[in-house]
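Visitor: I should like to understand how this model is put together. May we go through it step by step?

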Amino acid sequence: MDCIFCDIIAGLIPSNPVYQDEDVIAINDINPQAPVHRLVIPKKHFADVTEIERAEDGALLATLFATASRLGRESGGGFRLVVNTGAEGGQTVDHAHIHVLSGRFMEWPPG
Ligand code: AMP
Ligand code: ZN
């Protein structure tokens with residue numbers, strides 16, 4: 001399967017994880033949209049979060065959300081978690097992930 005995040009997790013593409021455990025990895029986004037922009041990614045491939053939900057893997061969903069929340073908190077200020085889902089939802093990498101954005105004012109509504 002051709003998946004850039006699976007290649008990162010497998011070490012085929014070098015990355016500098018800010019956190020990882022047996023279930024998730026967190027990396028800096030290559031094209032940051034805020035001074036802090038991290039991605040929290042499950043190590044197992046799921047196309048998007050609805051696939052994790054359909055697999056009824058609530059523990060993984062909780063781990064992803066808790067990890068994103070902790071990374072946001074550790075960024076020191078307010079933060080925003082984003083889960084783009086499907087092409088219309090702005091998803092460009094078809095491997096589930098949560099964006100953690102921080103370090104600037106987050107306007108609402110988003111673009
Ligand atoms: P999304 O549009 O929600 O699917 O987000 C995918 C994100 O992955 C984008 O913000 C990209 O900048 C980011 N991205 C793509 N390739 C890489 C990479 N090799 N390393 C880090 N981030 C990446
Ligand atoms: Zn993948």
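Guide: Contact here means heavy atoms within 4.5 Å. This is a predicted model, in which local features need pLDDT of at least 70 and side-chain atom pairs count only at pLDDT 80 or more, while totals for chains, interfaces and linings use all residues. Residues are numbered from 1 along each chain as its sequence is written, chains are lettered from A and ligands numbered from 1 in the order in which they are written, and side-chain values use heavy atoms, with hydrogens and water left out.

Visitor: Which residues does alanine 68 touch?

Guide: Residues up to four places away in sequence are not counted. With these set aside, alanine 68 touches Val40, Leu81, Ile98 and Val100.

Visitor: Which element supplies the largest share of the largest nonpolar core?

Guide: A nonpolar core is a set of buried (under 20% relative accessible area, 1.4 Å probe, protein chains only) Ala, Val, Leu, Ile, Met, Phe, Trp, Tyr and Cys residues joined through side-chain atoms within 4.5 Å. The largest one has 12 residues, including Phe46 and Ala68. Strand E2 (24-28), helix H3 (58-74) and strand E5 (98-102) each supply at least two of its residues; helices (H or I, at least four residues) and strands (E, at least two) are DSSP runs, numbered from the N terminus. The largest share, 4 residues, comes from H3.

Visitor: How much of the accessible area of ligand 1 does the protein cover?

Guide: An oxygen atom of ligand 1 is 2.8 Å from an N or O atom in the side chain of asparagine 84, and one is 2.7 Å from a polar backbone atom of threonine 92. On its own, ligand 1 has 500 Å² of accessible area (Shrake-Rupley method, 1.4 Å probe). Of this area, the protein covers 84%.

Methods
Buried means under 20% relative accessible area, exposed over 50%, partly exposed in between (1.4 Å probe, protein chains only). A polar contact is a pair of N or O atoms within 3.5 Å; within protein, one must be able to donate a hydrogen and the other to accept it, and residues adjacent in sequence count only if both atoms are side-chain atoms.
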